[in-house]
Structures are given as C-alpha cells and as structure tokens.
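Q: Could you take a close look with me at one part of this protein, the place where its helices pack against one another? I work at the bench, so a plain walk through the residues would be most welcome.

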Amino acid sequence: MSSTSSIVRKVFMALSGLFLMLFLLQHVSINALSVFSPDAFNEVSQFMGTNPMVQFVMQPILIFSVVFHFIMGMVLELKNRRSRDVKYAVNNGAANSTWMSRNMIISGLTVLAFLAMHFYDFWIPEVVTKFVNGDMTGMHDGIFRYYPELVHKFQDPIRVVLYIISFIMLALHLLHGFQSSFQSVGFNHNRYTPILQKAGTVFGILVPAMFAFIAIFHFLAH
C-alpha cells in the first residue's frame, strides 16, 4: 500500500511539473515579445490580463499547481532522504546520481523564493489594480502600462542579479525534472528516452537563459 501511494504521489508530482513547464514556455514566449515588440507585448498582456478564462480558470489552476508541486516535492524529498540514510550505510548514493537529482529540494525552494518575489513585483500589483482599484483598462497616462512596468522593475541591479541566480537554479531544477517527469508517468522507451533527455537538456538551459536574457536586456537597454 505504501509503495502504491508513493507511486501515485510521484505521478501527480510529475503531472504538475509537466503543466508548469508548459506554463514556463508560454510565459517566456510572452516576455520575449517585450524585447522584439513592446506593442505586441502590451496587446498580449492585456488579453491575458482581462480574459475571463485565463483569470478565473487557468490562473487558479496555475497557483494550485505551484503550491501542490512544491508541497509534494518536499514530502517526496523527505521520504527519499530517510530511504537514502539507510542505503548510504552500504553504498555511496552520490556515485550513482547527479547533484541536481540529490538537491531538487534546494533548487525548488530557490525557485519558490523567486516566485514569491515575482508575485510581489508583478502579480500582486496587477491584482490590486484590476480587482481593488477596478481598473481593467491596462492603461496609465494614455499608454499601456505593461511594458513600462516591466522595464521599471529591471532597472534595479540587485533585482536583476537575484532574478539571474533564480534562473540558474531553475535550470538546475529543470535539467533533472524534465526527463524525470516523463519517467514518473511511465514514458520510458529505449528509442525515445534518449531524445527526451536531449530535449530536457535544451529546455532546461534555453528557457531559463531566455528569462535571464530578457532581464539583462531591459537593464542594459534603458
């Protein structure tokens, strides 16, 4: 029974992780528009910020997934640590695993701290503007406020450094989590697993690197 419940927890952990990776891909794609076309970034941000399906369906699902993923991650990590304490007495676990796989809780908590800062910087002010102040226009002084707000946040060098550190830890988390998620849901094939491993490496490096590039670009360009 305990083994079955552990497998179920890992499957739900993996599914929430896959969902969050889709969100990361969507989020970095929208943010990248701020580099190439501020107008397009404003228009997409306005759509995402006022679309009822996004605001009242997808956003609660996203928040639940984040909370669930990190709580379940800590539960599984504590169970794994107890198991490893016994195994390490007869075998060096570090010889058969990477730093990333052994320290997912560290990278995960760092990413969670980044999300708290990100919510403080962008999500909470957005919620206050729309649902407390009742301003759904997305405008300030006759222009869309999304792009100027993004640029303003990235003028602080300390914030930019913190974001970059967080993106590095996100990369370490994804480099193990991507392929591990597929494995946990039972996708393990001699032909396709190596492809997934390579795709995971590309995703785990490219997405955080794009986030970091966007922050650095706006810091240097304005």
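A: Happy to. In this predicted model, helix H5 (residues 104–132) and helix H7 (residues 157–184) have axes that come within 9 Å and cross at roughly 135 degrees. Angles over 145 degrees would count as roughly antiparallel and those from 65 to 115 as roughly perpendicular, so H5 and H7 are oblique to each other. The crossing of H5 past H7 is left-handed.

Now for the residues that touch. H5 brings Met104, Ile106, Ser107, Gly108, Thr110, Val111, Phe114, Met117, His118, Asp121 and Phe122 to this contact. From H7 come Arg159, Leu162, Tyr163, Ser166, Phe167, Met169, Leu170, His173, His176 and Gly177. Sorted by class, the residues of the contact between H5 and H7 are eleven nonpolar, eight polar and two charged.

H5 has another partner to look at, helix H6 (residues 146–153). Here the axes lie 11 Å apart, and the packing angle is about 145 degrees. H5 passes H6 in a right-handed crossing, whereas its crossing with H7 is left-handed. On the H5 side, the contact with H6 uses Asp121, Phe122 and Glu126; on the H6 side it uses Tyr146, Glu149, Leu150 and Lys153. This contact has three nonpolar residues, four charged ones and no polar ones. If you are following along in the viewer, pause at Asp121 and Phe122: these residues of H5 take part in the contact with H7 and also in the one with H6.

His176 is a good place to turn next. This residue of H7 belongs to the contact with H5, and His176 also helps to line the second largest pocket. That pocket has a volume of about 150 Å³. Its lining is made up of Thr98, Met100, Ser101, Leu175, His176, Gln179, Gln197, Gly200 and Thr201. Helix H4 (99–102), H7 and helix H8 (193–221) each give at least two residues to the lining. By class, two lining residues are nonpolar, seven are polar and none is charged.

To place all this in the wider fold, the protein chain has eight helices and two strands. Read from the N terminus, the elements follow the order α-α-α-α-α-β-β-α-α-α. Along the principal axes, the C-alpha atoms of the chain fill a box of roughly 65 × 35 × 35 Å.

Definitions and conventions. Residues are numbered from 1 along each chain as its sequence is written. This is a predicted model: local features need pLDDT of at least 70, side-chain atom pairs count only at pLDDT 80 or more; totals for chains, interfaces and linings use all residues. Side-chain values use heavy atoms; hydrogens and water are left out. Axes are lines fitted to C-alpha atoms, for helices over the stretch in contact, and angles run from 0 to 180 degrees between N-to-C directions. Helices (H or I, at least four residues) and strands (E, at least two) are DSSP runs, numbered from the N terminus. Angles under 35 degrees count as roughly parallel, over 145 as roughly antiparallel, 65 to 115 as roughly perpendicular and the rest as oblique. A crossing is left-handed if the near helix is turned anticlockwise from the far one by less than a right angle, and right-handed if clockwise. Contact means heavy atoms within 4.5 Å. Ala, Val, Leu, Ile, Met, Phe, Trp, Tyr, Cys and Pro count as nonpolar, Asp, Glu, Lys and Arg as charged, and the others, Gly among them, as polar. On a 1 Å grid over the protein atoms alone, a cavity is a set of points where a 1.4 Å probe fits but cannot get out, and a pocket is an open set with protein on both sides within 12 Å along at least five of seven lines; lining residues have an atom within 4 Å of a point. Grid points are joined across faces, edges and corners, and a volume is the space filled by probe spheres set on the points.
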